[in-house]
Each structure stands twice: as C-alpha cells, then as structure tokens.
Amino acid sequence: SCDASQLCNCSSMGLDFIPVGLTAKITVLNLAHNRIKRIQSQDLQQAVNLRVLLLQSNEVSSIDEDSFWSLAKLELLDLSNNSLAHVSPVWFGRLFSLQHLHLQGNSYRDLGESSPFSSLSNLSSLHLGNPRFSVIRQGNFEGIELLHKLWIDGSNLSQYEPGSLKSIKKINHMIINLRNGNIFSEIVRDLLHSVTWLEVTGIKLPEEKKSLVQNSTHPFRIQKLTFKEAFFTDQTLSQEVVLLKEITSLKELEAINCVLDGKGQWKIEEITRSGPSFVETVTIIKAIIQNFHLFFDLDGMGSQIKNLKRLTVASSNVFMVACQLARYFSSLLYLDFHDNLLTNKRLDETICEGSWPSLQTLNLSQNSLKSLEQTAKRTSRLPKLNNLDISQNNFGEIPDACVWPKSLKYLNLSSTQIPRVTDCIPQTLEVLDVSANNLKEFGLRLPALKELYLTKNQLKTLPGATPIPNLVALSVRRNKLTSFSKEELESFKRMELLDASDNNFICSCEFLSFLHHEAGIAQVLVGWPGEYVCDSPLAVRGAQVGAVHLSLMECHRSLVVSMICVLVFLVILLLVAVGYKYHVVWYVRMTWAWLRAKRKPKRAPPKDVCYDAFVSYSENDSDWVENTMVRELEQACPPFRLCLHKRDFVPGKWIVDNIIDSIERSRKTLFVLSEHFVQSEWCKYELDFSHFRLFDENNDAAILVLLEPIQSKAIPKRFCKLRKIMNTKTYLEWPAGEEQQQVFWENLKGALKS
C-alpha cells in the first residue's frame with residue numbers, strides 16, 4: 001500500500017490492528033477508518049522516520065505508554081473519533097517535532113490534573129474535546145506557548161477553572177463550541193491577551209452584567225470575534241454591545257447563522273452612555289429575526305455606528321435601510337448587501353440624499369432590482385462611490401444613457417440579462433464586468449478601461465482595441481471564439497493578461513503557428529495550455545491547442561495542390577513532348593486502327609481482292625519501283641496488278657485506312673527494302689502495321705525484296721518478327737547484272753503467283 005514517496009495508505013481496509021513489518025522508510029501512514037482497538041509498544045517501534053500518522057475513525061481505546069516514543073520526527077498525529085477515555089501525557093512525551101495534534105471526538109471527560117502537552121513545544125494546532133468533555137482545569141495547557149489554531153468541542157463544558165487558557169501566550173485563531181454562556185466571560189478574560197481571532201459556536205448568552213475585562217490590563221490582543229449559530233435576545237444583545245466596548249482592541253464582529261428573538265427593543269440609553277464603539281467591521285450573514293415583521297427601525301443606534309467602516313449584511317432578507325439611519329453611517333467605506341430583497345422602490349429610501357456620505361464600495365448583487373436606469377440614478381447620490389457590484393439582478397434592458405457617480409471606476413454588471421452594451425455604461429470606468437449576459441459584440445468606447453470581463457457571452461471575436469486603448473487584462477472565457485490572431489493581440493498595446501480559455505477553437509495552421517511561435521504567449525494567456533482545447537478539425541478535437549501539430553498537407557493545402565497541378569502539367573507537357581518526338585499519337589491511332597482491323601475477317605472475300613500485291617517502298621526508291629518493277633510486272637504476260645500508294649490510294653481517306661484496305665484487297669504484300677526504307681518514318685509506320693496485321697497471321701503473304709544490302713542493326717528492334725523472317729526465310733535480292741536480273745524477275749513473278 002506504499003507509493004514511491006513512502007506514503008502508505010491502509011485506510012478503510014477493515015484492519016483490527018496496526019500491520020506488522022513497518023520500516024524506517026515509511027514517512028506517511030494512513031490507518032484511518034479501520035477497526036483498530038489498541039496501539040501496542042512494538043507496533044510503531046521501527047517507523048522512526050514517520051512524519052504523519054493518521055488513526056482517526058477507528059475504535060482505539062488503549063494506547064501503551066511507549067507506543068509513540070520512537071516517533072521523534074512525527075509532525076502530525078490524528079487520533080480523532082476513537083474511544084479514548086483519558087489522555088495521558090506519557091504518550092506525547094517524546095514527540096518533540098509534533099506540530100498538529102487531533103484528539104477530538106473521543107470519550108474523555110477532561111484532560112487530567114496536569115498538562116498532557118507539556119513536552120510539545122513545537123505544537124502549532126490542537127483539536128480536542130467531544131460531547132462528553134465537561135471540565136477544563138488550570139495547568140491543562142502548560143507547556144504550550146504558541147498555537148496557530150486551537151479547536152475545542154466544549155458543547156457540554158460545564159466547568160472552567162479561571163486561568164486555564166492563560167498559560168498559552170499566543171493563539172492566532174481559537175474556535176470553541178460552547179453552549180454554556182455562563183463560562184463565556186471567564187474564557188474571554190483569559191484570552192484577552194493571547195487570542196487574535198475568537199470564534200464561538202452554538203452559544204446562548206446569559207443575561208449578566210459582569211465585565212469581560214475586569215482587572216485586565218491593556219493592551220489587549222483580541223481583534224476579531226465571531227458568533228456562529230448563536231442565540232440572542234434584545235436584552236442579551238444590548239448587554240453584549242455594552243460589554244464588548246470594554247475590549248478596546250476589538251475591531252471586527254461577525255455573526256453567521258445567528259438567531260435574534262426580539263423586536264429591536266434595545267437599551268439605547270445604556271448603550272449610548274457606554275461610549276463609542278471601537279469596532280470598525282461588522283459582518284452579518286444569514287441572520288434570522290423570528291419576529292421580523294415587528295422589528296423596529298433601530299432608531300437611536302446612530303451614535304454606535306458613526307465610526308463603522310465596513311458593514312456586511314448578506315442573505316438576511318433585508319429589503320430597506322431607513323434614510324435617517326443610513327445618514328448616521330458617516331464613516332462607512334464598504335457596504336455589502338448581497339443576496340437580500342432590495343428593490344428599486346426601497347433603494348430610493350435606502351440611498352437617500354445625504355446617506356452613506358463616505359461610501360466607496362457598494363455590493364447590491366443578488367437582490368430584486370429591475371431598473372438599471374433607476375439603480376444608477378440612486379447610486380449617483382453617493383459622491384465618493386468608486387466600486388459598485390449590481391450583478392445577478394434581472395435588469396433585462398439597458399437604456400442608452402444613465403447618470404452614475406462621477407468617481408465610479410469599478411462596475412459589475414454580470415448576470416443581469418442585459419442584451420447589449422450602450423453609453424449607459426460610464427466612461428470613467430477602469431474595471432467592467434459584463435459576464436454571462438449573452439452579448440454578441442462589444443464595441444463600447446471606454447478610454448480609461450484597464451480590465452474587461454466578458455466571460456460566458458456569445459462573442460465570436462476579440463473586441464476591438466481602438467475603443468479601449470488602455471486595456472491591461474481581458475477575459476473572454478467560455479464564449480464562441482474560434483481563434484485570434486497575432487495582429488489582434490498586438491493591437492492591445494498594454495495587454496498583460498488574456499483569458500480566452502474554454503472556447504471552441506478551430507485549430508487552423510495560422511492559429512497554431514501563431515501560438516506555437518509567439519514568444520511569451522504563456523505569460524499572457526491565463527490557463528495556458530491546459531484550458532485551451534481544439535474543437536476542430538475532427539481529428540484533433542479535445543486535444544490541447546499547444547500539443548497539436550498539423551501536417552504540411554493540412555497547413556498548406558493550396559500550396560500543395562498548386563505544386564501538384566504544376567507537376568501534373570509538367571508531366572503532361574513532358575508526355576506531349578515525348579509523344580511528339582516519338583510520334584506516339586500516330587502509334588495510338590495506328591493501334592486503334594489495328595484493333596479495328598483485328599475485328600474484321602482475316603481474309604477479304606475473293607471478290608474483294610483487286611491486286612496481286614501491295615507495294616511498300618521508300619519515296620527515295622520510287623524511281624526503281626515505278627519505272628522498273630511496275631513496268632516489268634504490269635507488262636508481263638499475264639500482267640500483275642500492283643497497288644501503289646501514289647496511284648491507288650483513295651484521296652481524302654486516312655492513310656492508315658488506305659494501308660489496311662490495300663493490304664486486305666491484295667493477295668501479297670511486297671516490301672522493297674533498302675537503307676532508305678528502314679530510315680524512313682513513313683515506311684516504319686507501314687511496316688509497323690504490316691507487322692501487326694500480317695505477321696500475326698503466320699502466313700507467307702509478305703514478299704521481301706532487298707534492293708540493296710542492309711545492316712541488321714538498322715532494322716528497328718521492335719520489329720522482332722521481321723528480323724526473324726529475314727533470318728529464317730528466303731528473300732529476293734536485286735542483282736547488279738542483267739542476267740541475274742532476269743532470274744530475279746522470274747523468281748518474283750513466281751512468288752506473286754504462289
């Protein structure tokens with residue numbers, strides 16, 4: 001159950017005893033919420049480096065005297081909510097480093113005859129007491145000189161020996177649950193010189209006039225007194241007001257969840273005779289006045305409140321302060337009436353002419369104000385007001401112009417249902433909060449504004465910087481922003497903090513590039529990077545903006561597309577050039593013609609055969625073909641009919657079709673081969689097609705006449721079948737001598753007849 005830092009969590013494991021095998025490595029041991037009944041000597045003997053030991057909410061009723069003696073480094077010991085019937089000073093005798101000790105919620109009735117804490121010189125916080133705890137004796141706190149916090153559950157405390165708490169020289173904050181009001185004054189007297197803040201819970205003050213200070217000497221230390229869940233009557237409250245004046249160091253009074261059973265029939269004359277109050281701050285939260293409808297208007301209390309500087313009356317159903325009483329608050333600087341029942345009609349009485357003359361801060365949030373114009377007009381009666389909070393009032397509408405206090409610098413209009421911002425908002429403002437109002441834009445000119453809060457609105461872009469040139473802090477959290485640019489941010493010359501978290505950012509390349517490369521962006525953006533999350537593209541939805549890196553294609557799509565288009569264009573251009581150089585178009589067309597020819601019958605019907613031979617030759621050999629061969633063959637007996645392209649091709653017909661038709665209408669194809677033939681592009685085309693059409697048929701329709709010797713390497717390599725024919729079959733060679741020529745003609749005529 002131990003982690004790398006040697007924190008061992010064994011809580012809620014149903015243990016009946018402290019586990020064996022604890023070593024010196026353990027620094028934190030949590031054994032809370034088990035069923036441990038006894039702590040024995042050897043249980044913790046080896047855990048010499050233990051700093052935190054949590055044993056709360058067990059069933060511990062017995063602790064051996066030397067159980068904690070080896071824990072010299074222990075700083076926190078929690079034995080609360082167990083079954084300890086007594087507290088022994090021997091337990092803590094060697095806990096020299098102990099700072100926090102929790103003993104509340106056990107069953108002991110007292111702390112014994114002496115101090116259990118005499119050796120705990122470093123103790124900082126002490127929690128003790130329980131519902132059965134009834135006696136505090138002198139000497140119980142000997143050895144403790146300084147406590148940051150002392151918490152005592154004395155709900156059933158019935159006996160307190162005077163001087164018991166005096167031994168503690170200084171207590172910053174003491175909390176005591178005390179129902180017995182008769183011993184309250186005794187405790188206060190002992191704490192006058194030690195406690196800074198005293199908090200009393202559950203008390204019902206008795207009716208007594210015994211002084212709280214008696215023979216105590218000045219100066220006193222106590223500065224703040226808090227009553228929680230206390231019960232007062234008109235008599236006890238009047239009495240406490242008089243008695244507390246004797247504590248001249250007391251500056252702050254606080255009452256939380258307290259009940260007043262009375263009508264306000266206070267002993268005004270006695271209170272007035274007791275002199276002025278030194279209290280400067282009064283806080284009343286959730287006060288309950290049982291007969292509120294019969295309550296007086298506090299007339300006559302003016303002399304007691306004229307020195308008050310801070311007043312909070314919250315969540316107490318206040319609907320009005322009488323004008324006459326309000327005028328007595330001549331020194332009040334801070335007034336908090338949040339979460340009450342103030343209306344615009346009653347506000348006219350509460351803030352009448354001459355009331356609250358020194359007021360600087362006013363909180364009227366969470367009331368029932370309906371008219372912003374009337375609220376502004378009433379507060380304009382406060383000449384020194386500079387901070388006004390009227391948030392969470394349902395104004396609904398905002399006029400085009402309003403009258404405000406001339407000194408107003410801070411205005412909170414959040415959650416007031418205003419649909420827009422107008423010139424009603426004063427230009428003197430330095431801080432403006434219009435959060436949670438469903439605003440779609442903000443273009444108000446506020447030259448002095450330094451802080452602007454637009455959280456939870458409907459803004460899609462940052463507000464313009466020109467109308468608010470001195471802005472230092474801007475919050476647009478939880479709006480509809482999709483991005484913001486470097487230019488927008490730099491337009492705010494004095495911007496130091498921007499909270500744009502919790503928006504639905506479109507993580508575009510420009511937005512990501514700006515945030516990733518902008519120096520110091522982490523110092524400007526509040527909540528960066530954890531609260532800045534991408535909403536789109538879908539692939540990165542939910543990812544932190546700072547962690548997203550898009551690909552080149554995603555970031556420069558137009559550039560990549562342009563480059564692809566350029567490459568495609570270059571490839572096409574290259575193919576066109578290659579095709580032009582190597583006559584690819586011709587070959588394509590020829591192949592197409594050949595494919596069409598393939599679908600025709602392999603042999604033309606006999607009636608369609610018009611020629612004995614189709615002659616394929618080079619233009620450079622035309623003289624020999626036309627003047628020698630044609631004369632010899634066509635004038636023979638019987639004559640041969642030859643097909644010559646110059647003479648017999650159909651004019652206007654595609655040459656490939658002419659070649660195909662001529663070959664198909666001829667019994668033989670006569671190739672006059674020469675160096676000119678194999679070097680001629682035209683002859684290559686004829687030879688290509690003839691190769692496709694004729695040689696694929698595996699017949700002897702081709703007759704080769706070698707007009708002059710040809711190097712084999714001059715024959716194109718792609719005509720593999722032509723090479724094969726020349727290597728495997730006999731071909732006719734044109735001889736130089738006349739005698740041999742006669743034999744040549746006979747052989748040629750024989751080949752044509754075969």
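Here are some notes on a few parts of this predicted model, to read with the structure open.

1. Let's begin with strands in general. Strands of a sheet pair through backbone hydrogen bonds, and the pairing can be parallel or antiparallel. Keep that in mind for the sheets below.

2. Find strand S10, residues 146-154, and look at its partners. With strand S8 (residues 125-129), S10 pairs in the parallel sense over five bridges. If you want one spot to check, Ser125 stands opposite Lys149 in S10. S10 also runs parallel to strand S12 (residues 170-178), and eight bridges join these two. Here you can look for Ile152, whose bridge partner in S12 is Ile176.

3. Next comes a small open sheet. Three strands make it up, in the order S15-S17-S19, and the pairing is parallel. Which strands stand at the edges? They are S15 (231-233) and S19 (288-289); each has a single partner strand, so one side of each is left without a neighbour in the sheet. Strand S17, residues 259-261, runs parallel to S19 and is joined to it by two bridges. Try spotting Leu260, which sits opposite Ile289 in S19.

4. Helix H2 goes with that sheet. Covering residues 234-244, H2 lies across S15 and S17 and runs at about 95 degrees to S15. Is H2 mostly covered or mostly exposed? Mostly covered: eight of its eleven residues are buried. The buried ones include Val242, Leu243 and Leu244, but also Asp234, Gln239 and Glu240. What do the buried residues of H2 pack against? Among their partners are S15 and S17, together with helix H1 (184-191), helix H3 (268-273), strand S14 (224-228) and strand S16 (252-256).

5. Now for a single residue, Leu413. You'll find Leu413 in the loop between strand S24 (410-412) and strand S25 (431-433). Don't let the word "loop" fool you: Leu413 has 0% relative accessibility, so it counts as buried, the cut-off being under 20%. Leaving aside neighbours within four places in sequence, Leu413 is in contact with Leu372, Ile390, Phe395, Ile425, Asp433, Val434 and Asn437. Take Asn437 from that list: Leu413 and Asn437 are 24 residues apart along the chain, and their C-alpha atoms are separated by 8.6 Å.

6. For a look at the surface, go to helix H12, residues 557-581, where Leu570 lies. Leu570 is partly exposed, with a relative accessible area of 45%. Which residues make the nonpolar surface patch here? Leu570 does so together with Val566, Leu567, Phe569 and Leu573, and the patch is about 490 Å².

7. Last, another open sheet with parallel pairing, this one of five strands in the order S32-S31-S33-S34-S35. The edges belong to S32 (642-643) and S35 (732-733); each has a single partner strand, so one side of each lacks a neighbour in the sheet. Inside the order, strand S33 (residues 666-673) and strand S34 (residues 702-706) pair in the parallel sense over five bridges. A handy place to check is Thr669, which stands opposite Ala702 in S34.

8. A helix goes with this sheet as well. Helix H16, residues 655-664, lies across S32, S33 and strand S31 (611-616). How does H16 run relative to S33? At about 120 degrees.

Methods: Residues numbered from 1 in each chain as written. Predicted model: local features only at pLDDT ≥ 70, side-chain atom pairs only at ≥ 80, totals over all residues. Heavy atoms only, no water. Pairing = 2+ DSSP bridges. Helix = DSSP H or I, 4+ residues; strand = E, 2+ residues; numbered from the N terminus. Contact = heavy atoms within 4.5 Å. Axes fitted to C-alpha atoms, helices over the stretch in contact; angles between N-to-C directions. Buried < 20%, exposed > 50% of the residue type's maximum accessible area, 1.4 Å probe, protein only. Patch = residues over 30% accessible without salt bridge, like charges linked within 9 Å, V, L, I, M, F, W, Y side chains within 5 Å. Areas by Shrake-Rupley, 256 points an atom, 1.4 Å probe, with all protein chains shown as cover. Salt bridge = Lys/Arg side-chain N within 4 Å of Asp/Glu carboxyl O.
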